[in-house]
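Student: I would like a close look at one part of this protein. Please take it residue by residue, then show me the surroundings.

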Amino acid sequence: MYGEIELPEKSILLTIDDGGKGTSKDSGNYLISTLEEYKMHGTLFLITGWWPISNYESSYLDVQSHTHELHYENIKGCSHRSKVNCISYEALVNDLKSSIEVVKDTSSFCFPFYDYTESSIKAVKEVGFKTAFVGGFRKAKRSDDKYKIPRFVVYDSTSLASFKNYVN
């Protein structure tokens, strides 16, 4: 995104959201063992207040922020899907700073439920994140907004045919 390196034409960035559910040492650790078995690298966007970062130690896994304590949706009285957009700007900045204290990195951030506003993007920039990811179901391009990088989302229900279509 910053033109610092050239990637092969058919490159994939493997990203995982949240933590827990088979990804950590406390819940089966399928993620790390799979990455290590296939010598693949991935980025975990961790909810840092929910899961200890020590559960994700691997040279094949980069841990980035997915908020500290804001991964909630459908907050009563809020018209946005994500709690990120339902709290004060100051509270959001404080949560992002708490998450950064845990991951010790500001390379990238992923908006919970891919829900963002111009205000939440401003907060992500203010605390120093260099990039942010959203949904979008399309391939990212170097020309994309660095704070709205699209991704294909793969769910348990995603068929192998759909997955192959995403990566081809």
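Leaving aside its neighbours within four places in sequence, which residues is Asp95 in contact with?

Tutor: A word on the source first: this is a predicted model. Asp95 is in contact with Thr67, His68, Glu69 and Leu70, once its neighbours within four places in sequence are left aside. Asp95 itself is found in helix H2, which runs over residues 89-103. Asp95 is buried, yet has no salt bridge. The nearest side chain of opposite charge is that of Lys83, and it is 8.0 Å away. A salt bridge here needs a side-chain nitrogen within 4 Å of a carboxyl oxygen.

Other acidic residues do have partners. A search of the whole structure finds five salt bridges. One of them joins the side chains of Asp144 and Arg138, at 2.7 Å from N to O. Asp144 has 8% relative accessibility, so it counts as buried. Arg138, at 34%, counts as partly exposed.

Another salt bridge brings together the side chains of Arg151 and Asp17, with 2.7 Å from N to O. Arg151 lies in strand E6 and Asp17 in strand E1, so this pair ties together parts that are 134 residues apart in sequence. Arg151 counts as buried, because its relative accessibility is 7%.

A further salt bridge is formed by the side chains of Glu6 and Arg142, 3.2 Å from N to O. This pair also links distant parts of the chain. Glu6 sits in the segment before E1, and Arg142 in the loop between strand E5 (131-136) and strand E6 (149-151). The two are 136 residues apart. Glu6 is exposed, with a relative accessible area of 64%. Arg142 counts as partly exposed, at 42% relative accessibility.

Next, the strands and the helix packed on them. Strand E3 covers residues 61-65. Four of the five residues of E3 are buried, so this strand is largely enclosed by the rest of the structure. E3 pairs with E2 in the parallel sense, over five bridges. Within that pairing, Leu44 has Val63 of E3 as its bridge partner.

Helix H1 spans residues 30-38, and its buried residues are Leu31, Ile32 and Leu35. Seen down the axis of H1, the buried residues fall within an arc of 95 degrees, so they line one face of the helix. The background is simple: an α-helix has 3.6 residues a turn, so residues three or four places apart point the same way. The buried residues of H1 pack against three strands: E1 (15-18), E2 (42-46) and E3. Tyr30, Glu37 and Tyr38 are exposed on the other side of H1.

Now the backbone. Most residues other than glycine have a negative phi. Lys39 takes a positive phi of about 55 degrees, just after H1. Lys39 lies in the loop between H1 and E2. At 60% relative accessibility, Lys39 counts as exposed. Phe113 is not a glycine either, and has a positive phi of about 60 degrees. Phe113 is found in the loop between strand E4 (108-110) and helix H3 (118-126). Phe113 is buried, with a relative accessible area of 17%.

Asn55 is another buried loop residue, with a relative accessible area of 6%. Asn55 is found in the loop between E2 and E3. Asn55 and Gly20 are 35 residues apart in sequence, but their C-alpha atoms are 9.2 Å apart in space.

Last, the cysteines. A search of the whole structure finds one disulfide. This disulfide joins Cys78 to Cys86, with 1.8 Å from S to S. The torsion about the S-S bond is about -80 degrees, so the disulfide is left-handed. Cys86 counts as partly exposed, at 24% relative accessibility. Cys110 is in no disulfide. The cysteine sulfur nearest to Cys110 is that of Cys86, 17 Å away. Cys110 counts as buried, because its relative accessibility is 0%.

Back to the starting point: Asp95 is buried and has no salt bridge, and its contacts include Thr67 and His68.

Technical notes:
Residues numbered from 1 in each chain as written. Predicted model: local features only at pLDDT ≥ 70, side-chain atom pairs only at ≥ 80, totals over all residues. Heavy atoms only, no water. Buried < 20%, exposed > 50% of the residue type's maximum accessible area, 1.4 Å probe, protein only. Arc of directions from axis to C-beta. Contact = heavy atoms within 4.5 Å. Pairing = 2+ DSSP bridges. Disulfide = S-S within 2.5 Å. Lys, Arg positive; Asp, Glu negative; His and termini not counted.
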